[in-house]
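Got a minute to look at a protein together? Let's ask how each label is earned.

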Amino acid sequence: MPNIWPLTLDELTPEMRERMEASCERTGYYSNAQLTLARRPEVAKAVQNLQQSIGGSSTVPMQTMFMVAELTSKIAGCRHCQSHAAKNLSQQGVDANKIRAIWEYQTSDLFDDRERAALDLALAAAQRPSMAGPEQFDRLRDVGYVEAELVDLMAMISLFGFLTCWNDSVATETETAPVEFATEVLGGMGWEAGKHAAS
């Protein structure tokens, strides 16, 4: 049961309803996190705009960006965000075996040097306090990342820092599609909806 109840579609402002309809067209479901944030429309819009800015104009391949999001979510322990990031990885064409291997990225031959460097940054930066330092950024540059790409990676890690804190604290109910995907792909690794399960 969520700690803050989401609004129903009928309770949304006209602008938020339009935004939610557009989001549903892209994902196939209404985001319970956004429906909860919509109690403060300006906050909901700011989060949506940030998500679109980070995901919509990234110079880093979206597969890598969602790998970073998945690892950040795992470090934070947010099952809701893990399911969403994993589903997004699949929609970006990432094989289920590679999604399952995120924890083993340092030794798995499914990941290339650029992906490993990005995931090294996520592993360090997602911890509290952050363990990110010059060595992670130097490694990223060594494998060819440029400064704008470093901004994109840190923006995704930081965005999921917010999203994991929000969804895990609020106990956002995870929508059916991400639950089904995560149960199938990550269930054998211990993933379950837990407090994010439908009430």
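## How the labels are earned

T36 sits in helix 2 of this model, which is a predicted one.

Q: Why is T36 called buried?
A: Buried means a relative accessible area under 20%. T36 has just 4%, so the label fits.

Q: Which residues does T36 touch, once its neighbours within four places in sequence are left aside?
A: Its partners are I4, W5, P6, L7, W166 and V170. To count as a contact, heavy atoms must be within 4.5 Å.

Q: What about C24: buried or exposed?
A: Put its value against the cut-off, under 20% for buried. C24 has a relative accessible area of 18%, so C24 is buried.

Q: How many disulfides are there?
A: Zero, going by the rule. A disulfide needs two cysteine sulfur atoms within 2.5 Å. For C24, the nearest cysteine sulfur belongs to C81 and is 19 Å away, and C24 is in no disulfide.

Q: Why is C165 not bonded to C78?
A: The bond cut-off is 2.5 Å between the sulfurs. The closest cysteine sulfur to that of C165 is in C78, at 9.4 Å, so the gap is too far for a bond.

Q: What makes a group of residues a nonpolar core?
A: Its members are buried, come from a set of residue types that includes Val, Leu and Phe, and are joined through side-chain atoms within 4.5 Å. Here the largest such core has 53 residues, and V68, I99, L140, L153, M156 and F160 touch the most other members. Several helices supply at least two residues each, among them helix 1 (14-27), helix 4 (62-76) and helix 9 (147-170). Helix 9 gives the largest share, nine residues. In soluble globular proteins, nonpolar side chains tend to be buried together.

Q: Which residues does F160 touch, not counting those up to four places away in sequence?
A: F160 touches A69, T72, S73, C81 and A85.

Q: What lines the largest pocket?
A: There are 28 lining residues, and R26, T27, Q51, F66 and N88 lie nearest the centre. The pocket holds about 810 Å³ of space. Helix 3 supplies the largest share of the lining, six residues. Helix 1, helix 2, helix 4, helix 5 and helix 9 are among those that each supply at least two.

Q: How many residues of each class are in that lining?
A: The lining has 15 polar, eleven nonpolar and two charged residues. Gly is counted as polar in this sorting.

Note on methods. Residues are numbered from 1 along each chain as its sequence is written. This is a predicted model: local features need pLDDT of at least 70, side-chain atom pairs count only at pLDDT 80 or more; totals for chains, interfaces and linings use all residues. Side-chain values use heavy atoms; hydrogens and water are left out. Buried means under 20% relative accessible area, exposed over 50%, partly exposed in between (1.4 Å probe, protein chains only). Helices (H or I, at least four residues) and strands (E, at least two) are DSSP runs, numbered from the N terminus. On a 1 Å grid over the protein atoms alone, a cavity is a set of points where a 1.4 Å probe fits but cannot get out, and a pocket is an open set with protein on both sides within 12 Å along at least five of seven lines; lining residues have an atom within 4 Å of a point. Grid points are joined across faces, edges and corners, and a volume is the space filled by probe spheres set on the points.
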